[in-house]
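Trainee: Could you take one part of this model and look at it closely with me, then show me what surrounds it? I would like the cut-offs along the way.

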Protein chains: 4
Amino acid sequence: MIIVLKQGTGSKAIKDITEKIEAQGVSISHFSDVKRDFLGVIGDTTGLDTHRIQARPEVEKIVRVEEPYKRANRKFHPENSEIQVGQETIGGHKLGIIAGPCSVESEEQIIRVAKQIKKAGANFLRGGAFKPRTSPYSFQGLELEGLRMLQAAKAETGLPIVTELMSVKWIDEFVDSVDMIQIGARNMQNFDLLKEVGKTNKPVLLKRGLSATYKEWLMSAEYIMSEGNENVILCERGIRTFETGTRNTLDIQAVPVIKKLSHLPIIVDPSHAGGMSYLVESGAKSGIVAGADGLMIEVHNDPENAWSDGEQCLTPDEFGLLMEKAQKLAEVEGRSVPLSTEVSTH
Amino acid sequence: MIIVLKQGTGSKAIKDITEKIEAQGVSISHFSDVKRDFLGVIGDTTGLDTHRIQARPEVEKIVRVEEPYKRANRKFHPENSEIQVGQETIGGHKLGIIAGPCSVESEEQIIRVAKQIKKAGANFLRGGAFKPRTSPYSFQGLELEGLRMLQAAKAETGLPIVTELMSVKWIDEFVDSVDMIQIGARNMQNFDLLKEVGKTNKPVLLKRGLSATYKEWLMSAEYIMSEGNENVILCERGIRTFETGTRNTLDIQAVPVIKKLSHLPIIVDPSHAGGMSYLVESGAKSGIVAGADGLMIEVHNDPENAWSDGEQCLTPDEFGLLMEKAQKLAEVEGRSVPLSTEVSTH
Amino acid sequence: MIIVLKQGTGSKAIKDITEKIEAQGVSISHFSDVKRDFLGVIGDTTGLDTHRIQARPEVEKIVRVEEPYKRANRKFHPENSEIQVGQETIGGHKLGIIAGPCSVESEEQIIRVAKQIKKAGANFLRGGAFKPRTSPYSFQGLELEGLRMLQAAKAETGLPIVTELMSVKWIDEFVDSVDMIQIGARNMQNFDLLKEVGKTNKPVLLKRGLSATYKEWLMSAEYIMSEGNENVILCERGIRTFETGTRNTLDIQAVPVIKKLSHLPIIVDPSHAGGMSYLVESGAKSGIVAGADGLMIEVHNDPENAWSDGEQCLTPDEFGLLMEKAQKLAEVEGRSVPLSTEVSTH
Amino acid sequence: MIIVLKQGTGSKAIKDITEKIEAQGVSISHFSDVKRDFLGVIGDTTGLDTHRIQARPEVEKIVRVEEPYKRANRKFHPENSEIQVGQETIGGHKLGIIAGPCSVESEEQIIRVAKQIKKAGANFLRGGAFKPRTSPYSFQGLELEGLRMLQAAKAETGLPIVTELMSVKWIDEFVDSVDMIQIGARNMQNFDLLKEVGKTNKPVLLKRGLSATYKEWLMSAEYIMSEGNENVILCERGIRTFETGTRNTLDIQAVPVIKKLSHLPIIVDPSHAGGMSYLVESGAKSGIVAGADGLMIEVHNDPENAWSDGEQCLTPDEFGLLMEKAQKLAEVEGRSVPLSTEVSTH
């Protein structure tokens, strides 16, 4: 961290600010050129409050050279992290393919979809039991009953379950029932919830907030990791921009940027990004070639009658075709997909 | 709500979709021009899931003419709402002036600031006890101890207390200790928290999310109100845009837009919007002339040594000067400020 | 400018990069702390190409401490600039009030509106002769005939004329006919056009681009000024953000930010920002109290039949009422408006 | 187009507005449900000014069902357009690969790079002769001398030339010298320039503006096409969002959206989108699998010493490796790249 002082800052003021900052456990190296003085901060600056330093009248500008995250930082962990989720792994050679309906609607439905997506090539089942809806008058999910149905689908298919947690109230049920806890975009900076899932050892799928920067996203991962749970997987799901021709703008560059900054796995959710089913294929394929470690895709047996987000769902058949294409691209990229043998031979 | 059907939709499909939608408790009126068919939906469409209708293959476009919120909607409540907060009111003739430090740092500090801001013209005390910080390594607030200090300051000055709640865990303590519960920008769509504060009868200050549209913001108010708590006050605090020369972009147009759409009071927080103390005065004054019902201003006795957000704080003296200007503008606007007599006479 | 080098950069590489940069006419001061080396660049860095330096493999980060604009910079010109436009001045005590229709429609119309706005308190007449329209099929303006009509209105009222130039082709006609050349938001980075108006000595009203940062905006002013024309007035007219409830987001903080960075006058256009007439009053009043040097307001004698942008126009009567309010606010701010005596006495 | 009238609009007002709109050459069909009246507009609504209709007091909302562009619209031209550019074609089976330096720096340089990129697999040469630079003090390009050097490189290699036109002043020289005229992002709504290139028959590469919506982008294509030049190729080059970790956000969804709305070819420029060389590969590969018709990539023989944008350039070797990967992905997608035989055999 470099602190640029305003022109004309006197030596007394420099001494004073130096002492204040050094009192926080770092040391200061003082430079100057013809016009200005600079303070280089040496040591662990992660806990230093730059807003507080910025408030001093003699400070012109603060430049952080170091990233403010440690556990999520690739510098201190150069190898890719591979996260064990149930019997599967995300972050290694094989892509993680998470598929399923937006909402769990019935036991019969979730079991049917689970079988179909497994056959088509998914290795994780998703399905919303608790739904974050913009309107209080919209369907809010089957809640605990939905969790039970997901478990029934897992019992039938063996697929690990991924579903969203919206409240600390249900954390014990989630730890007992699911294989990966999803934190949704709207809760990416619900720090209370992040800390609580950080105290468990369940893998956490941390979706990017609609207007979260890469740094804020990694800081939210750091919240979870700083509580002891290092099993964090990031999910790019589109950001909010001026463009209204799509629901959100899929930020495909997030994949290489996060790969550079962090060792954590990152997957791509093209269903929520575009918000329309015709955009899913290109988004999914872009994710694979950009280096993502997996995909999250909404699949519904009957999209027209889905209880939520039907317009962005693929049918199981469409999903199967996408998986065949994904397999070819994964091969070009030196990766693999979890296609079942039935599918890969037809 | 009008549903525009794709060209060439047959009469059987029209009959089918009409029945499906009418099954949700509304009625359908069918029009057509030379090229297309349209379905007008008559009845209460608030609970209708447009995503679900959109997912049908024959639907080209859905146009909502009605707003999806009811309790927050000015149409059904033409008069401005005035919300009682402690002994004060927000939404009437007198502006609500909420001031105080970003963080509560000590009992001595919060009492001193409370006295200073009261003298300068505030009628509410703010101060963070639980702090939402981007980094887990930054100061997270004095928590329950901070709440206790706020109460001590209230005991000394009589000022009602406003402070942020981040977790449902502390809701009982907040109901017992504070006069208005603040929901921060990052939690604007923490629906679990919204529902819980909706079950209390405490006034709620609902800050706008960094990338929340007016409609989403009002839907979050609706979450609180639909649980029975109609004491909601909105707070514009800047939105995230491409511009990085200020922390956020103060959306001053939010004031007249919200006033048109809703009967709820709205205040402006220029401190968080700009993120720099030199931007507070113009933002505060703009808020008053744009029609806001109050202001939320960060004031710290010693900004350079503030534990958080020091660079955006005013000193008590600066705040006093601002209040004098606010008084003159409020008069032009036919409003008043809660200036104490000591100040208004000098 | 400080160049932060990557950790482990050797002394040979440091010598090499130092020589390359010094060859561009600046000198380098070399610092280092325990971890890193830094190069401080001393001298006029305005012409230095940071992208070129950034491309070197040993460079981690470049921090510009100095602004890249000179002539527009308040540091080198601490006093506010006052720009003479016809017989009027913008940037001094009296606010510049520019009003008139979006498009010039007929001589009779523009003369009538000119008389009405003059009576209501404007001291400049606006009216589009060349119109930048999103669609090639929309009305593109009366072009040279429109210029002639504006001159007729000036002859009748004495009001200086402000109108938009879209093509270098018409620059001579504009220099002959108008008092201030407007460069529209879509042309803010039409560098060819900026250079050409920079070669004239006509005052230029430079609107902010829809997604232009403060710095880019001032750099566009610098383009004009660097050609010799220092008569630049900036105009905030709303930026493009995620919010679609208004046409654009009026960035009221632009006023104090520009005032801090530059000596150039800045005015506010609330008509284009909000895109709806009910938003004009609050935007205009906010502009005045935020410190703007003037306003640009669309006024049409018959908004329902306006040939363009009718939904954001005020009627002459509405404009008159706004000017009365503006007068009171200007007084509180220690400024004045150019209200005619007829109006100020009723 | 459907016009939703306000509740309570009387039959006289409906008759009046109907007549006014029908006077513009369309016909009106009148519907009503229990609450409201609607007017369906039948006929060619492309030239209808919705702002003007919106300005009428009885209008609640206007819903355009038809797109406002005709010539660019896939509805009226279902087949993909293939554009002849020199001896090459863009929009067909073979991808168009445009490569070269940001700026032309010398004849020797541009010839060397042209040979290298041709060998590595490009079929078009790019290079800036006229440069749009944010600062008037930055290098502005070699201008006409640069054009001459590009022609020399074409004479040596046979590669068609693509370069940016910033001023109508040089249009004849461009028509004589180049194979495709590029309109840069900052000039996407320089309507004067669009009309002028529309009067030539040169292929035009139309880059998307930094904050241009899909619709605005296609309307700018329509400006060119409506003048008679239908040889328009679109280029997605990143949009401006809140994220500052990359220069711009590559909107990969633009590819399928534009393919759906329009028959025009679209290519992707990952160099300008990310602004850093490490982001080029993933962006380029995403473009191919998303369905783009080509790529535009900055390649410089000596990025560290490039005169502009060096940090985002690939070296010729890096470009060669990228082309090998591109070839494999193109094959999976059923497309081909213009790889020379030397390269494809090693």
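Mentor: Happy to; we start with one sheet and then widen the view. This is a predicted model, in which local features need pLDDT of at least 70 and side-chain atom pairs count only at pLDDT 80 or more, while totals for chains, interfaces and linings use all residues. Residues are numbered from 1 along each chain as its sequence is written, chains are lettered from A and ligands numbered from 1 in the order in which they are written, and side-chain values use heavy atoms, with hydrogens and water left out.

In chain B, an open sheet is built from four strands in the order E2-E3-E1-E4, with antiparallel pairing. Helices (H or I, at least four residues) and strands (E, at least two) are DSSP runs, numbered from the N terminus, and two strands pair if DSSP finds at least two bridges between them. Strand E2 (27–32) and strand E4 (59–63) of chain B are the edges, each pairing on one side only. From one strand to the next, the twist averages 20°. Inside the sheet, strand E1 (residues 2–5) of chain B is joined by three bridges to strand E3 (residues 37–42) of chain B, and the two run antiparallel. There, B:Ile3 stands opposite B:Leu39 of E3(B). Packed on the sheet is helix H1 (residues 11–22) of chain B, which touches E1, E2, E3 and E4 of chain B and makes about 150° with the direction of E2(B). Contact means heavy atoms within 4.5 Å; axes are lines fitted to C-alpha atoms, for helices over the stretch in contact, and angles run from 0 to 180 degrees between N-to-C directions.

Now for how chain B relates to its partner. A turn of 180° with a shift of 0.0 Å along the axis lays chain B on chain A with an RMSD of 0.0 Å, so the two copies are related as by a two-fold rotation axis. The fit is by least squares on the C-alpha atoms of residues with pLDDT of at least 70 in both. Both copies use the same surface: 100% of the contact residues of chain B recur in chain A. Of the residues of chain B, B:Ser211 comes closest to the rotation axis, its C-alpha lying at 3.1 Å.

Chain A has twelve helices and 14 strands. Of its 346 residues, 66% count as buried, where buried means under 20% relative accessible area, exposed over 50%, and partly exposed in between (1.4 Å probe, protein chains only). Helix H10 (residues 280–290) of chain A is mostly covered, with ten of its eleven residues buried; among them are A:Lys285 and A:Ile288. After H10(A) comes A:Gly291, with a positive phi near 105°.

Finally, the cysteines. Over all chains there are zero disulfides, a disulfide being a pair of cysteine sulfur atoms within 2.5 Å. A:Cys313 is in none, and its nearest cysteine sulfur, that of A:Cys102, is 6.8 Å away. In chain D, the nearest cysteine sulfur to D:Cys313 belongs to D:Cys102, 6.7 Å away, and D:Cys313 is in no disulfide. A:Cys313 is buried at a relative accessible area of 3%, and D:Cys313 also counts as buried, at 3% relative accessibility.
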